[in-house]
Amino acid sequence: RSVSGVVTMQAKRYQETTSFNLNEIEGEIHHCIRLNKELQCYVLATTRSLDEQADDRLTKISNETGLDIVVLDHRINELSDLFCLCVTFWDSISSFDPIKRLEPEFHDWAKAHSQTPDVKERMREIEKRVKNLIASYRSVRAAAANKLEERFGEKPTNRFFSYNINLNKSVRRRSVEKAVLEWWRDTDKEAACLEGEEGTGKSWAAALAIRNISDMSNALVIWLDSSAWCEISNLREVLRSGFEAIEPFNPSRTEKLVEKSLSRWKEPILIVCDGVNEKDAINAANKMLNDYMNVNSNADISHIRLLFTSRLLAKITAYDKRTWSGVKRIPVQEYYDNEFSDALRIFDDQIRMEDIPQNIKLYMKIPRYFGVCLKMRKRLGTLSNISKEIILWEDLKTRIDETDIQIRIKLGWGSEEDAEDVLSMLAQNAIEADGTQRADKE
């Protein structure tokens, strides 16, 4: 085994007429796991190639245990994996005493063979195969970080998001970041929730905290919009959903990554479940929290932390106060004065604080309406002609314009010019639903 204890290598010598003893190999793998709880990778070096039955069995064991299993085999009439690895990394293995005693000519022979086209081609094949088999925490964390950059608008992507987050041009919420950092360092609180009224920028605040808190920079972060987790009821499912998003083109590794997270890795994993108040996500969150506590009481999964975002929980009908009692609540409010000043400097440094009407400033300090006010100022040339009604009307049109295209088609929304007709239709539906008048059409 390796010095760190995370890799174990076992050699098996078989005659060509000898069949694999799969039960023996499986027993030895589980024996190694029992001896070393930190084991991450099991390397099996054989003098024969694996048949399909052996390969399927080892894949199943890998998925069930979360252990990476790499086979280095010998192929008839071909260069063996071990031969290619040895001559390619000769400088590394020559430090072992038995190798040191070899004649210098042997070193030259190994170096010459490492440069042949056949060995180089085989090494490329081995590297590709091993990378696909080994799912290290570091490599998965890097893949997750790449997805975060796409989600946060830091890297171009073709993925559709129900709402955009663009951290390239954003306002730091330092009070929220401070509270999130305190929670992250508090090992007694496995879950936290950024909670605030509509439009206060909870999702952006969560994204900014992840990006700017150095303590989180080494964590594997899984970000899930509400549509990706609103029907999930347990921790295993939410991990599965996250890894499917991180590695969409490698579904065969998903189950192994889930098992690794629960039983192999002890490095930090942060799961962000955005939008508790959306769809039926509150019920999913209730079940997920209960499941998390149950799993954590039977096995140590304290390295996995949950971060939710939500409107005020107490105002959500299905909110379970008992379930959420152990969750740290972090308030997200409108911009503080210093944050509001930062927003003006970043997005429109031509606006002076004293030129903003007091009644409009109250709305501009709400992050969602800040952008609406800037858009209306550009259109009207001043903030003085803007009213509360105009702000709310423009915000509503923007929301519909940014929603899923199928919903827009169903509503008959082609552009903002359709706003009045769409709202009239919605109002008509509101008073005629179930044959009962529930609102005045006007």
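**Notes on the predicted model: rings, sheets and one enclosed helix**

1. Let's start with Phe370: its relative accessible area is 4%, so this residue is buried. Keep in mind that we are looking at a predicted model. The protein chain has a mean pLDDT of 87, with 93% of its residues at 70 or more. The stretch I'd flag is residues 438-442, where the pLDDT is below 50. That stretch still has 11 contacts in the model beyond near neighbours in sequence.

2. Back to the rings. The structure has 12 aromatic pairs. In one of them, Tyr335 meets Phe370 edge-to-face, with 6.1 Å from centre to centre and 85 degrees between the planes. Which parts of the chain does this pair link? Tyr335 is in the loop between β8 (328-331) and α15 (337-347), while Phe370 belongs to helix α17 (residues 367-380), so the pair joins distant parts of the chain, 35 residues apart. Tyr335 has 9% relative accessibility, under the 20% cut-off, and therefore counts as buried as well.

3. Another pair is Tyr363 with Tyr369, and this one is tilted: the centres are 6.2 Å apart and the planes make 50 degrees. Is Tyr369 buried or exposed? Its relative accessibility is 12%, so Tyr369 counts as buried.

4. Elsewhere, one aromatic cluster is made up of Phe83, Trp90, Phe106 and Trp109. There are also two arginines to look at if you care about charges over rings. Arg151 has its charged end over the ring of Tyr163, 4.6 Å from the ring centre. Arg305 lies over the face of Trp183, and here the distance to the ring centre is 4.7 Å.

5. Now the sheets. One is an open sheet of 3 strands, in the order β1-β2-β3, with parallel pairing. Its edges are β1 (7-12) and β3 (68-72), each of which pairs on one side only. On average, neighbouring strands of this sheet are turned by 20 degrees against each other, ignoring direction. Helix α1 (residues 22-35) packs on this sheet and touches β1, β2 and β3. The direction of α1 makes about 155 degrees with that of β1.

6. A closer look at one pairing in that sheet: β2 (residues 41-46) runs parallel to β3, and the two are paired over 5 bridges. Which residue stands opposite Leu44? The partner is Val71, in β3.

7. There is also an open sheet of 5 strands, again parallel in its pairing, with the order β5-β6-β7-β4-β8. β5 (220-224) and β8 are the edge strands, each pairing on one side only. From one strand to the next, the twist averages 20 degrees. Helix α12 (residues 235-246) packs on this sheet, where it touches β5, β6 and β7 (304-310). The angle between the directions of α12 and β5 is about 95 degrees. Helix α14 packs on the sheet too, touching β4, β6 and β7, and its direction is at about 160 degrees to that of β7.

8. For residue-level detail in the 5-strand sheet, try β4 (residues 191-195) and β8, which pair in the parallel sense over 4 bridges. Leu194 stands opposite Ile330, the latter in β8.

9. Lys279 is worth a check in a backbone plot. Its phi is near 50 degrees, a positive value in a residue other than glycine. Lys279 is in the loop between β6 (269-273) and α14 (281-298). Is this lysine buried or exposed? With 60% relative accessibility, over the 50% cut-off, Lys279 counts as exposed.

10. Last, helix α13. Of its 11 residues, 9 are buried, so α13 is largely enclosed by the rest of the structure. The buried set includes Lys256, Glu259, Lys260 and Arg264, alongside Leu257, Val258 and Leu262. Thr254 is in that set too; it sits in α13 (residues 254-264) and counts as buried because its relative accessibility is 5%. What does Thr254 contact, leaving aside neighbours within four places in sequence? Arg240, Phe243 and Glu244.

Key. Residues are numbered from 1 along each chain as its sequence is written. This is a predicted model: local features need pLDDT of at least 70, side-chain atom pairs count only at pLDDT 80 or more; totals for chains, interfaces and linings use all residues. Side-chain values use heavy atoms; hydrogens and water are left out. pLDDT is the predictor's confidence in each residue, from 0 to 100. Contact means heavy atoms within 4.5 Å. Rings of Phe, Tyr and Trp (its six-membered ring) pair if their centres lie within 6.5 Å; planes under 30 degrees apart count as stacked, over 60 as edge-to-face and the rest as tilted. Buried means under 20% relative accessible area, exposed over 50%, partly exposed in between (1.4 Å probe, protein chains only). A charge sits over a ring if NZ of Lys or CZ of Arg is within 6 Å of the ring centre and within 35 degrees of the ring normal. Two strands pair if DSSP finds at least two bridges between them. Axes are lines fitted to C-alpha atoms, for helices over the stretch in contact, and angles run from 0 to 180 degrees between N-to-C directions.
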